[in-house]
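Q: Before looking at single residues, I would like to learn how to read a model such as this one, going from the whole chain to particular side chains. Could we go through it step by step?

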Amino acid sequence: PDLYDPFNNIEKDKKWTEERKAFGLLVEINNGRLAMLGIFGFLVADKLPNSVPLLKNIAIPYDGNPMIPFSGAFSFFNDASVAVADTLN
């Protein structure tokens, strides 16, 4: 199995059998799934107040569109580049 191992510790450590690697891959996948569910929970709690009771005192209501960074026209530097171009003209 392909585990995320940036420092190549699995190859150095001979305790990693094929069974342990398969279990590690399963743990890594499940951790990613849980992280996605957690982020989704925060998005829902931010957009719909009191929808996730556990996050009632943690999540801050948000009136904007949380998915705007994934749109094609989004840029962190859009307003700044326009302002710089206006001053140069």
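The dialogue below goes from the overall fold to a helix, and then to two residues.

A: Let us begin with what kind of model this is: it is predicted, and the values discussed here are computed from it.

Q: What pattern do the helices and strands of the protein chain follow along the sequence?

A: A reading of the fold starts with the secondary-structure elements in order. The protein chain has 3 helices and 0 strands, and along the sequence the pattern is α-α-α.

Q: How many of the residues of the protein chain count as buried, as a percentage?

A: Burial is read together with surface and contacts. Of the 89 residues, 10% count as buried, and the chain exposes about 7,900 Å², of which carbon and sulfur atoms supply 64%. Among contacts with a separation of 6 or more, residues 24 or more positions apart account for 8%.

Q: How far apart are the end C-alpha atoms of α2, and what should its residues span?

A: A helix can be checked by comparing its expected span with its end-to-end distance. At 1.5 Å a residue, the 30 residues of α2 should span 44 Å, and because the end C-alpha atoms are 44 Å apart, the two values agree.

Q: Which residues of α2 are buried, and what covers them?

A: The buried residues in α2 are Lys21, Gly24, Gly41, Ala45 and Asp46, and their cover includes α1, residues 9–12.

Q: Where does aspartate 46 lie, and which side chain of opposite charge is nearest to it?

A: For a charged residue that is buried, one looks for a partner of opposite charge and then for polar atoms. Aspartate 46 lies in helix α2, which comprises residues 18–47; it is buried yet has no salt bridge, the nearest side chain of opposite charge being that of lysine 47, 9.2 Å away. A polar atom of the aspartate 46 side chain does, however, lie 3.4 Å from the backbone nitrogen of isoleucine 60, and, leaving aside residues up to four places away in sequence, aspartate 46 touches Ala59, Ile60, Pro61 and Tyr62.

Q: Is serine 51 buried or partly exposed, and which residues does it touch?

A: A loop residue is read in the same steps. Serine 51 is found in the loop between α2 and α3 (78–88), and it is partly exposed because its relative accessible area is 33%. Not counting residues up to four places away in sequence, serine 51 touches Val44 and Ala45, and a polar atom of its side chain lies 3.4 Å from the backbone oxygen of valine 44. Serine 51 and glycine 41, 10 residues apart in sequence, are 9.1 Å apart in space, C-alpha to C-alpha.

Terms used. Residues are numbered from 1 along each chain as its sequence is written. This is a predicted model: local features need pLDDT of at least 70, side-chain atom pairs count only at pLDDT 80 or more; totals for chains, interfaces and linings use all residues. Side-chain values use heavy atoms; hydrogens and water are left out. Helices (H or I, at least four residues) and strands (E, at least two) are DSSP runs, numbered from the N terminus. Buried means under 20% relative accessible area, exposed over 50%, partly exposed in between (1.4 Å probe, protein chains only). Lys and Arg count as positive and Asp and Glu as negative; His and the chain ends are not counted. A salt bridge is a side-chain nitrogen of Lys or Arg within 4 Å of a carboxyl oxygen of Asp or Glu. A polar contact is a pair of N or O atoms within 3.5 Å; within protein, one must be able to donate a hydrogen and the other to accept it, and residues adjacent in sequence count only if both atoms are side-chain atoms. Contact means heavy atoms within 4.5 Å. Accessible areas come from the Shrake-Rupley method with a 1.4 Å probe; for residues, only the protein chains shown count as cover. The expected span of a helix is 1.5 Å times one less than its number of residues.
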